Amino acid sequence: MTATDANLDVPHWPHCRYGATSDDSGCWGRLVEPSTACLAHLCDADRSGYLTGLQPGADLDHRGTPISEALLRDLLGAVTSPESSGARIGQARFERARFSGNADFGGADIAGGSLRVVINSVVFRSSGQDLTTAGTYTEMASRLVEPALLGLAVLAVRGRVKR
């Protein structure tokens with residue numbers, strides 16, 4: 001294996017490296033800055049401080065992080081307001097995260113990817129996702145308006161070609 005091959009097995013985000021050896025890059029969990037550890041490997045005081053600093057709608061970036069059922073519950077609790085029934089997350093990044101136990105997001109509202117899902121389902125017809133009520137109505141409205149917009153685009157191009 002060359003050095004280039006080894007680099008393919010290392011994440012491109014700043015990561016924890018907990019348990020790293022000469023043959024292994026260690027934990028791939030995204031650093032919780034300014035710490036040098038991911039959420040799973042933070043000391044209790046730092047983890048508590050991080051979770052206390054989160055508010056509903058916060059962006060979460062925990063790529064590559066090993067997340068236990070208890071840690072997920074604490075994380076979602078930190079972004080749940082007392083007056084709401086579910087967690088509210090802004091942009092969510094959990095690529096290559098490893099969930100153990102029951103990885104139940106319990107109906108969390110993840111706002112960051114909603115527009116992408118709706119646009120993908122309208123343009124490419126491949127949603128396959130459970131949308132919120134607002135997302136479902138947005139998708140339906142987009143599908144109703146889409147033929148009219150396509151027709152207007154064709155007329156605009158036709159008008160330019162005739163000149």
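This is a short conversation about reading a predicted model of one protein chain.

Trainee: Where do I start, and how many helices and strands are there?

Mentor: Start with the inventory, then the order. The chain has five helices and six strands. Read from the N terminus, the elements go α-α-β-β-α-β-β-β-β-α-α.

Trainee: The model is predicted, so which element has the lowest mean pLDDT, and which the highest?

Mentor: Look at the confidence before the details. The chain averages a pLDDT of 79, and 80% of the residues score at least 70. Helix 1, residues 3-7, has the lowest mean at 46, while helix 2 has the highest at 94. Across residues 1-7 the pLDDT stays under 50, and the model gives that stretch one contact beyond four places in sequence.

Trainee: Which residues have the most contacts inside the largest nonpolar core?

Mentor: For a core, ask who is in it and which elements supply it. This one has 25 residues, and those with the most contacts inside it are L39, Y50, L54, L60, L75 and V79. Helix 2 (44-53) and helix 3 (69-78) each supply at least two of the core's residues. Helix 3 gives the largest share, five residues.

Trainee: Can we zoom in on one of them? What does L60 touch?

Mentor: Skip the residues up to four places away in sequence, and L60 touches Y50, L54, L75, V79, I89, Q91, A92, R93 and F94. Y50, L54, L75 and V79 are also on the list of residues with the most contacts inside the core.

Trainee: Now H62. Is it buried or exposed?

Mentor: Go by relative accessibility, where under 20% means buried. H62 is at 1%, so it counts as buried. Its place is the loop between strand 1 (60-61) and strand 2 (66-67). Leaving out neighbours within four places in sequence, H62 contacts R30, V32, L39, Y50, I67, L75, R93, F94 and A97.

Trainee: What share of the whole chain counts as buried?

Mentor: Of the 163 residues, 30% do. You can also look at the surface: the accessible area comes to about 10,800 Å², with 55% of it belonging to carbon and sulfur atoms.

Trainee: Which residues make the nonpolar surface patch?

Mentor: Here you look for nonpolar side chains on the outside. L144, V145, L149, L152 and L155 make a patch of about 530 Å². Take L152, which is found in helix 5 (residues 133-162). Its relative accessibility is 55%, so L152 counts as exposed.

Trainee: What about the backbone? Where is the cis peptide bond?

Mentor: Check omega for that one. The bond from E33 to P34 is cis, with omega near 10°. P34 is in the loop between helix 1 and helix 2.

Trainee: And which residue in that loop has a positive phi without being a glycine?

Mentor: That's R17, with phi near 70°, and R17 lies in the loop between helix 1 and helix 2. With 46% relative accessibility, R17 counts as partly exposed. R96 also has a positive phi, about 60°, although it is not a glycine. You'll find R96 in the loop between strand 4 (92-93) and strand 5 (98-99). At 57% relative accessibility, R96 counts as exposed.

Trainee: Last one: what share of the contacts links residues 24 or more positions apart?

Mentor: Taking contacts with a separation of 6 or more, residues 24 or more positions apart account for 44%.

Terms used
Residues are numbered from 1 along each chain as its sequence is written. Side-chain values use heavy atoms; hydrogens and water are left out. A nonpolar core is a set of buried Ala, Val, Leu, Ile, Met, Phe, Trp, Tyr and Cys residues joined through side-chain atoms within 4.5 Å. Buried means under 20% relative accessible area, exposed over 50%, partly exposed in between (1.4 Å probe, protein chains only). Helices (H or I, at least four residues) and strands (E, at least two) are DSSP runs, numbered from the N terminus. Contact means heavy atoms within 4.5 Å. pLDDT is the predictor's confidence in each residue, from 0 to 100. Patches are made of residues with over 30% relative accessible area and no salt bridge: like charges are joined within 9 Å, nonpolar side chains (Val, Leu, Ile, Met, Phe, Trp, Tyr) within 5 Å. Accessible areas come from the Shrake-Rupley method with a 1.4 Å probe; for residues, only the protein chains shown count as cover. A salt bridge is a side-chain nitrogen of Lys or Arg within 4 Å of a carboxyl oxygen of Asp or Glu.
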